[in-house]
Amino acid sequence: MITLLKLFILFTMPDSKEKSSKKAVNDQKKVSVKKTVTAIRQNKTRSFPIVGIGGSAGAFTAFEKFFKYMPTDSGMAFIIVMHLDPNHKGHITDVIKTYTSIPVVQAGDGMKVEADTIYIIPPNADMGMHNRKLLLLAPAQMHGHRQPIDYFLQSLAEDQLDKAVGIVFSGMGSDGEAGIRMIKEKLGMAMVQDPETAQYNSMPLASIGTNLVDYVLAPEKMPIKLLQYINHPILADEATEQARNDVQNGNAIQKILMLLRSHTGHDFSLYKKSTITRRIDRRVAYHQLSDYLAYVNFMRENPPEIDLLFNELLIGVTKFFRDALAYQSLKDKLHHLLKNKKADDPIRVWVAGCSTGEEAYSIAILLIECVQSLRLKKVPKIQIFATDLDTEAIEHARAGLYHDNIVSDVSDERIKQFFVKKDNYYSVKKELREMIVFAQHNLIKDAPFTRLDLLCCRNVMIYLTSELQKKIIPVYHYSLNPQGILFMGPAETIGGFTDMFAAIDPKWKLFERKEGGFNTGKMIDFPSNVSRLSNNSLKNDDSEKLMGKKAMADTFNKILLENFTPASVLVNEKGDILYINGKTGHYLELPTGEAEMNIHKMAREELRYVFGNIIHQAVIQKSGVAVNDIKLKENKKIRILNLKAEFLSEPGMFGLILLIFEDKGLLVKPKRKITKSENAVSTQAEELEKQLVYTKQQLNSTIEQMETSLEELKSTNEELQSTNEELQSTNEESLTTKEEMQSLNEELMTINAQYQAKAEELTLINNDMKNLLDSTEIGTIFLDNNLKILRFTPQVRKLFNLIPSDVGRPISHIASNLDYPAIENEIKKVVEKLVTKEVESKAKNGQWYNVRIMPYRTLDNFISGAVITFTPITPYKLIQFRLNELQRYSAGVVRAMEEAALQLDRDMRVITVNKHYLQLFGVKEGDVTSKLFVDVVHSQWKTKKLDHMIKQCLVNEIAAHVQLNAGGADMQQFTVHSQPFIDDESKETLMVMIIISKVK
């Protein structure tokens, strides 16, 4: 529009530049807990945080410690949700009252939540919240898998958004894990009790496993952190725009985005600014920093914080069959879509922004159910591509392992058909898992998947700017097959792209792809368009005042064009109309039949030749061409028209022609009497002469056009001949390439078959190894060189508090039940020195284990970490303790005897000797102990007559008479008596007692 205006007006608007002044950066100030609490006390009328606290077994101690350190006028409300038996008759309210002076009440249906009050869920009820009112509901399941904490925390998050706080205390199971996810999605804050301080750590560990928890603390340390966080000035509702600008420090947001891009490789400049700032606000409040500039410095000094902010921005909370009615509607539409699919056509689905995979598996379950219900003779192949930007979420999705609280979202029938129970988790079955390919994918930069029957992109667009949404919606249209389905979140929309998609369920945002209405050029340039858009959008965000002035200029130019410029039409060389200004009804009219916006089709009959000629002349001359005094019949009158064609050479409009209509009005004939002297024939001749001149001009122009066209045709013919030769050459190359591709395809098929065979072989080996390790009952942990956990067997969970998500964490971060504090140092020594370490260690539950630490050797004899095995040896240790006790007892008996005596172990070594023996043979104790009894007999008794007795004395009580030269005296007669001690259960000899007495 502005380019058109330049052709008609002789003045231009002067450029205006607006100078922006930088604001001084405030000094960094630490947030004081006293000041923030005082601010809360001064204003109780504004919205206040509501803290949902979940606990189960062993949580009462945590409640006591938490409320002991919580001020009575904190300005917060507390709602306690516990696992209570439906028939519970206890008075929990009275118990909690003993911990605090804060008012404590049992929640009632419709009760309004007030600050500085504690509310407790009643037995046999589920509880939710709406408009800050507590609502009681009958439990969905009277027994079994109830999740009251998840239910309330999710309701709290939906109602209070960023004012919601979720806390999980001690308890069994995984209740609270889904609630914590929802709290974080809605920009709330999450705290979890330190598992080391929890009586039952299952619930805290499940919540910590989400990697979304803000604080993991002992209950008594939570109040101070909670107060510091929620009362940070950056989170205050009443903060003015000036205060917000002071905190955000001018270009600090751009610096944060720059650090994110350089560290992670991902650009968040096209995300909604409000989303980014709210996430940054929470990190600033978490670290108790004063403003964004302080946070920039903190990020530079602590690079791990960049990863934490990256994870905050990628929070994608999902669950199985989220919005169950939406999935039911989708199932109906898929049923109709699959019914019309050809048997050989695969079913292709793309789940964009799949997070931890629940949505992808939900879609897969729906497709399987639809295919089963159709009872097709040939089941089509189902291909599901699930993508996300978060690599950790993708790894979680690939594992397909979820807490047992999914039973609240997945029916019993689906649990039995698609999942396998493993301890406190559910694992998706192999056939379901193999339908889905999980991959990291950037929706903004990476190429989309195509030929899709279903594209599921829920709760992704809401985080992107409107400019980026306008770029992505056409991508979705390009990716889908005709009649393909687009499945979006309840808060999302296709915007103005109703020419691309038709709503088939407006409530649940199900859309069907329309044919046409798509600009392929935009699709091809999509990645570069986004990069250009990034700069423009950022400039627009930083220059709102300039945008205001631009809008004023556009309005002013529009008024000028509509009221003070002649009618005009902008066309290309072919006559296609690109833009119309003013009223052109006198010159153009809509043709009958198919509508075409072409000036040759729409021109009035008198102007068709004129338009063709003047456009052609303007293109050839690259300048303006004018035709004056064109006569148009209008009823019984004649309208005079001057037509001008301008060849445009301005950037962005080069090669276009601007046709300008100058209306001279109707032809007015002078009112005079015709005299007889005027010759009618002469008048007619004059008119014919004018027409002849005009016809000659038209003929000359036609001849020129024909000559030009002939030259162009000759040139085109030569080009076509050359192109034909090139195409023939290309065709030959294509045939060769086709043969090569066929050969390559055969090789790939062979390799693929080999890989499938290897995969099946690995599956069998894994099954064999699993059964082998399970049958031995030996716990095993595999570590890498950095002592990070690679794999572990289920038996290890008795000694270490391990969950599947601990894979990749250092073993030093895992709490151990072994009384072996030096295990980490011992592992390091084994890896460094390549020696095996073996010790016996006692667990906290009294069980004994043989701990064996070995280097992990690959087939190439490469050391790649360590292997730790834990073999239970409690029965062996009990026998050993009994044997030691027996040996101590028998040793005392030997020493107290009045005759010479020896005590032997099961290997027939002397372990105890009394003083009478030493005196009898005149030897020292060191000459006898630890030596084999047979060697003592040979060397000290100087006889071999007892060899037969020695062999038998381990199993039988034997007495023998022998002459010995004891102590250098004359030969004397002695009786040697052996007494074995045999275990009644194992029938093994524990020790032997030898008694030597003189024969009187």
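Select strand S1 (residues 50-55) together with strand S8: the two run parallel and are joined by five bridges. Strands here are DSSP runs of type E with at least two residues, helices are runs of H or I with at least four residues, and both are numbered from the N terminus. Two strands are said to pair if DSSP finds at least two bridges between them. Within this pair, Gly-52 stands opposite Gly-166 in S8.

The model is predicted: local features need pLDDT of at least 70, side-chain atom pairs count only at pLDDT 80 or more, and totals for chains, interfaces and linings use all residues. Residues are numbered from 1 along each chain as its sequence is written, and side-chain values use heavy atoms, with hydrogens and water left out.

**Strand S8 and its second partner**

Keep S8 (residues 164-168) selected. Five of its five residues are buried, so S8 is largely enclosed by the rest of the structure. Buried means under 20% relative accessible area, exposed means over 50%, and partly exposed lies in between (1.4 Å probe, protein chains only). Ala-164, Gly-166 and Val-168 lie on one side of S8, Val-165 and Ile-167 on the other, and both faces are covered. Now add strand S9 (residues 189-193), which pairs with S8 in the parallel sense over four bridges. Val-168 stands opposite Val-192 in S9.

**Helices H5 and H6**

Next, select helix H5 (residues 148-160) and helix H6 (residues 177-185), whose axes come within 7 Å and cross at roughly 10°. H5 is therefore roughly parallel to H6, a term for angles under 35 degrees (over 145 is roughly antiparallel, 65 to 115 roughly perpendicular, the rest oblique). Axes are lines fitted to C-alpha atoms, for helices over the stretch in contact, and angles run from 0 to 180 degrees between N-to-C directions. Contact means heavy atoms within 4.5 Å. To view the meeting side chains, display Asp-150, Leu-153, Gln-154, Leu-156, Ala-157 and Glu-158 in H5, which meet Glu-177, Ala-178, Gly-179, Ile-180, Met-182 and Ile-183 in H6.

**The five-stranded sheet**

Move on to the open sheet of five strands, ordered S22-S21-S25-S24-S23 with antiparallel pairing. Strand S22 (577-581) and strand S23 (625-634) stand at the edges with a single partner strand each, so one side of each has no neighbour in the sheet. Neighbouring strands of this sheet are turned by 20° against each other on average, direction ignored. Zoom in on strand S21 (residues 568-571), which pairs with S22 in the antiparallel sense over four bridges; Val-569 stands opposite Ile-580 in S22. Then show helix H24 (residues 605-621), which lies across S21, S23, strand S24 (637-647) and strand S25 (657-666) and runs at about 170° to S23.

**Helix H26**

Select helix H26 (residues 823-833) and colour its buried residues, Ile-823, Glu-826, Ile-827, Val-830 and Val-831. They cover an arc of only 135° around the axis, taken from the directions from the helix axis to the C-beta atoms, which puts them on the same side of H26. Their cover includes strand S26 (779-783), strand S28 (837-842), strand S29 (848-857) and strand S30 (863-872). Rotate to the face turned away from the buried side to find the exposed residues Glu-832 and Lys-833. H26 is followed by Leu-834, whose phi is positive, near 60°.

**The whole chain**

Finally, show the entire chain, with its 30 helices and 35 strands. Of its 1000 residues, 45% count as buried.
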